[in-house]
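Subject: Structure handover

Hello,

Here is the structure we talked about, with the sequence alongside. Please open it first, then read on for what was found.

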Amino acid sequence: MDATKKLRIYFTGVGGQGSLTATALLARTALHAGVDVVAGEVHGMAQRGGVVESVLLLGGWRSPKLEPGEADLMLGFEPLETLRGLPYLRKGGQVFSSSDAMPPVSVSMGKAQYPSLDDIKARVEKVASQVHFLPCRELGLKAGAMQAGNTVLLAAVCASGVLPFGVDVFEESLRLYLPAKLLDVNLRALEYGRSFFE
């Protein structure tokens with residue numbers, strides 16, 4: 001693993017999903033692996049189910065700023081937010097996203113239409129070189145808690161080889177930083193994420 005590999009990661013999700021917690025956990029994992037980390041958060045309207053964005057820069061960046069077209073990797077915790085965050089991804093970047101929709105209020109009220117997952121994938125594939133959609137919430141529930149779906153996504157990214165550390169380091173990080181009562185569920189979720197690349 002190359003601890004000096006520079007990587008700009010953009011996270012996007014919906015308020016209440018735990019995407020900021022996921023960002024912090026991946027940052028701690030990177031530090032545990034000896035990788036330089038800079039993190040920044042754009043909270044958005046987290047309390048109202050609005051978009052939540054954050055940034056994680058690995059490998060020696062000085063500022064947590066990320067301009068459109070600069071992200072090497074995008075982690076989307078909700079498919080429509082992945083689509084909306086696409087302008088931040090550089091051409092040829094990689095995308096890992098949950099395939100489980102959480103439609104916004106405008107869709108629930110019938111004022112807007114939610115695009116099909118096939119449509120979202122097709123639009124993402126026009127920009128990204130690699131695209132992975134995983135049923136994160138579904139697998140999180142299977143592991144024992146919907147929130148563990150974020151662990152599924154992070155484990156898949158760690159297992160893919162795109163980061164300067166692997167899924168074993170992520171597992172060590174879970175054991176170090178998660179409260180004991182949450183550990184078993186998240187270790188099960190980790191195995192679901194790992195299995196996508198084995």
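Are Asp 72 and Arg 8 buried or exposed? Both are buried. Please keep in mind that this is a predicted model.

**Salt bridges around Asp 72**

Asp 72 and Arg 8 form a salt bridge. Their closest N and O atoms are 3.7 Å apart. The two residues come from distant parts of the chain. Asp 72 is in strand β4 and Arg 8 is in strand β1, with their positions 64 residues apart in sequence.

Asp 72 has another partner, Arg 90, and here the N to O distance is 2.8 Å. Arg 90 belongs to strand β5, residues 89-98, and Asp 72 to strand β4, so this salt bridge ties together parts 18 residues apart in sequence. How exposed are the two ends of this pair? Asp 72 has a relative accessible area of 12%, so it is buried. Arg 90 is at 31%, so it counts as partly exposed.

**Salt bridges around α7**

The count for the whole model is nine salt bridges. One of them joins Arg 175 and Glu 171, at 3.1 Å from N to O. Both residues sit in helix α7. They are four residues apart, about one turn of the helix. That spacing matters because an α-helix has 3.6 residues a turn, so residues three or four places apart point the same way.

Burial differs across this pair. Glu 171 is buried, at 17% relative accessibility. Arg 175 is at 49%, which means it counts as partly exposed: the cut-off for exposed is over 50%. The pair is also part of a network. Salt bridges with shared partners join Asp 168, Glu 171, Arg 175, Glu 191 and Arg 194.

Glu 171 is not alone in being buried in α7. Val 167, Val 169, Phe 170, Ser 173 and Leu 174 are buried there too. What do the buried residues of α7 pack against? They pack against α1, α6 and α8.

**The nonpolar cores**

The largest nonpolar core has 40 residues. Those with the most contacts inside it are Ile 9, Leu 26, Leu 58, Leu 75, Leu 163 and Phe 165. Two or more residues each come from these elements:

- strands β1 (7-14), β3 (51-58) and β4 (71-76)
- helices α1 (19-32), α5 (136-143), α6 (149-160), α7 (167-177) and α8 (180-194)

Which element gives the most to this core? It is α6, with seven residues.

Another core lies apart from it. This one has 16 residues, among them Tyr 10, Leu 80, Leu 83 and Leu 86.

**Two residues to look at**

Start with Leu 26, in helix α1. At 1% relative accessibility, Leu 26 counts as buried. Which residues does Leu 26 contact, leaving aside neighbours within four places in sequence? They are Ile 9, Phe 11, Leu 56, Leu 75, Leu 154, Cys 158, Leu 163 and Phe 165. For a sense of scale, the C-alpha atoms of Leu 26 and Leu 178 are separated by 12 Å. Along the chain these two are 152 residues apart.

Then go to Val 152, in helix α6. Its relative accessible area is 0%, so Val 152 is buried. With neighbours within four places left aside, Val 152 is in contact with Leu 134, Cys 136, Leu 139, Gly 140, Ala 189, Tyr 192 and Gly 193. The C-alpha atoms of Val 152 and Glu 172 are separated by 15 Å, and the two residues are 20 apart along the chain.

**The largest pocket**

About 350 Å³ of space lies in the largest pocket. Its lining has 17 residues. Closest to the centre are Thr 21, Leu 25, Leu 178, Leu 182 and Asn 186. At least two lining residues come from each of α1, α6 and α8. The largest share comes from α1, with five residues.

What is the make-up of the lining by class? Nine residues are nonpolar, seven are polar and one is charged.

Best wishes

Technical notes
Residues numbered from 1 in each chain as written. Predicted model: local features only at pLDDT ≥ 70, side-chain atom pairs only at ≥ 80, totals over all residues. Heavy atoms only, no water. Core = buried A, V, L, I, M, F, W, Y, C linked by side-chain atoms within 4.5 Å. Buried < 20%, exposed > 50% of the residue type's maximum accessible area, 1.4 Å probe, protein only. Salt bridge = Lys/Arg side-chain N within 4 Å of Asp/Glu carboxyl O. 1 Å grid on protein atoms, 1.4 Å probe; cavity = no way out; pocket = protein on both sides within 12 Å on 5 of 7 lines; lining within 4 Å. Points joined across faces, edges and corners; volume = space filled by probe spheres on them. Nonpolar A, V, L, I, M, F, W, Y, C, P; charged D, E, K, R; others polar. Contact = heavy atoms within 4.5 Å.
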